[in-house]
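I opened this entry to look at how the parts of the protein chain meet. My notes follow the structure.

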Amino acid sequence: MNVLGIETSCDETGVAIYGGERGLLANSLYSQVKLHSDYGGVVPELASRDHIRKLSPLIRQCLAEAGFGGPQIDGIAYTAGPGLVGPLMIGATLARSLALAWNIPALGVHHMEGHLLAPLLDQDPPEFPFVALLISGGHTLLVQAERIGRYKIIGETLDDAAGEAFDKTASLLGLGYPGGPALSKLAEQGDPDRYHFPRPMTDRPGLDFSFSGLKTFARNLLNSTHGSAEADIARAFQDAVADTLAIKCRRALQQSGYNRMVVAGGVSANTGIRSTLHAMAEKEGIRVYFPKLEFCTDNGAMIAYAGYRRLLAGHREGLEIQVHPRWPLDRIPPL
Ligand code: KG4
Ligand code: ZN
């Protein structure tokens, strides 16, 4: 079964074709980052217009890469939420129209399930059940994943998402938008012993997170050091996020009794966070799985894969075009 995947929930237009046993047959991505950078964040209307411009050419490109005409596609998966309503509607409408023209099924996929399943695109994929830490620009979730579609949310952020905290702190440091990758690069030059940020909410039981205080802590330090310690502040901020995530993951693993963990979403591309979580996993005797770097941030491949698993299991939807800007991960049907 060949599934065309379409991702348009935010500021990346992602298209891919997943071909079952043959794996990923095509994958292309267009990032709108430049378009939004002047505004310091994503402008929804500009994002929608750019998805309209880029989506059809990317689909054509993927079909050519796989050596396909339309008829070899057996199903289409698109991100139906959560995300920005305009961008979601662009992807959903094109997906449904193509499916109607080609007389094949189309299925709306949950963006965070896409992230969660991204490590399953790997040669050596994790088996269920596992604990999933999903860290992106909009979400920070700890999930007990029993099988595809059976997700119990056991922890989440009470304020900023992990990626949001990176972006806001990066903005304070003058690193532009989205600043996560730039902050991470700056942190590499920082002295890890100069400053110590708090590890929020680790002094009490529970699996929830709170990251907004770290940004305030960074702002105060920045003001008192008069811009002479940016790299050290970036390093101390990143170490605090990494440690906090590791502490909560260890608790989640102990609570669930699972011995496998998946870490996915844009922030899982962060080298410091990867090595801290690897070290924790080794100490605890569990195995941690990350997606390939290109599948950490938003992409069409993870949507094609999630849709493939669901379409293969017989999931179908009616013809109406429905998107869900807010859509809890534990409200989607199990496989
Ligand atoms: O998953 P994603 O591409 O989009 C959402 O679903 O939100 O995640 C984007 C987020 C942004 O906040 C970005 O700054 C962050 O992931 N990010 C990083 C890194 N790469 C992307 N944060 C820290 N370090 C990185 N290397
Ligand atoms: Zn995402």
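How many residue pairs are in polar contact between domain 1 and domain 2? I worked from a predicted model, and I counted three such pairs, with both residues at pLDDT 80 or more. I also looked for salt bridges between domain 1 and domain 2 and found zero.

Entry on bounds. I took the domains from the assignment, which gives domain 1 as 2-116 + 295-331. Domain 2 is assigned as 127-290. Domain 1 is thus written in two segments, and domain 2 in one. I looked up the distance between the domain centres, taken over C-alpha atoms, and noted 27 Å.

Entry on contact. I listed 16 residues of domain 1 in contact with 21 residues of domain 2. Between them the two domains bury about 1,600 Å², and 75% of that area is on carbon and sulfur atoms. I then asked which three residues of domain 1 supply more of its buried area against domain 2 than any other three. They are Met-112, Leu-116 and Cys-296, with 39% of the area.

Entry on the domain 1 side. I went back to the polar count, three residue pairs, and then looked up the helices on this side. H1 (33-37), H4 (111-117) and H10 (300-312) each supply at least two residues that touch domain 2. The largest share comes from H4, with four residues. By residue class, I noted seven nonpolar, five polar and four charged residues on the side of domain 1 that touches domain 2.

Methods
Residues are numbered from 1 along each chain as its sequence is written. Chains are lettered from A and ligands numbered from 1 in the order in which they are written. This is a predicted model: local features need pLDDT of at least 70, side-chain atom pairs count only at pLDDT 80 or more; totals for chains, interfaces and linings use all residues. Side-chain values use heavy atoms; hydrogens and water are left out. Domain bounds come from an automatic or database domain assignment. Contact means heavy atoms within 4.5 Å. Buried area is the accessible area (1.4 Å probe) that two parts lose on being put together, summed over both. A salt bridge is a side-chain nitrogen of Lys or Arg within 4 Å of a carboxyl oxygen of Asp or Glu. A polar contact is a pair of N or O atoms within 3.5 Å; within protein, one must be able to donate a hydrogen and the other to accept it, and residues adjacent in sequence count only if both atoms are side-chain atoms. Ala, Val, Leu, Ile, Met, Phe, Trp, Tyr, Cys and Pro count as nonpolar, Asp, Glu, Lys and Arg as charged, and the others, Gly among them, as polar.
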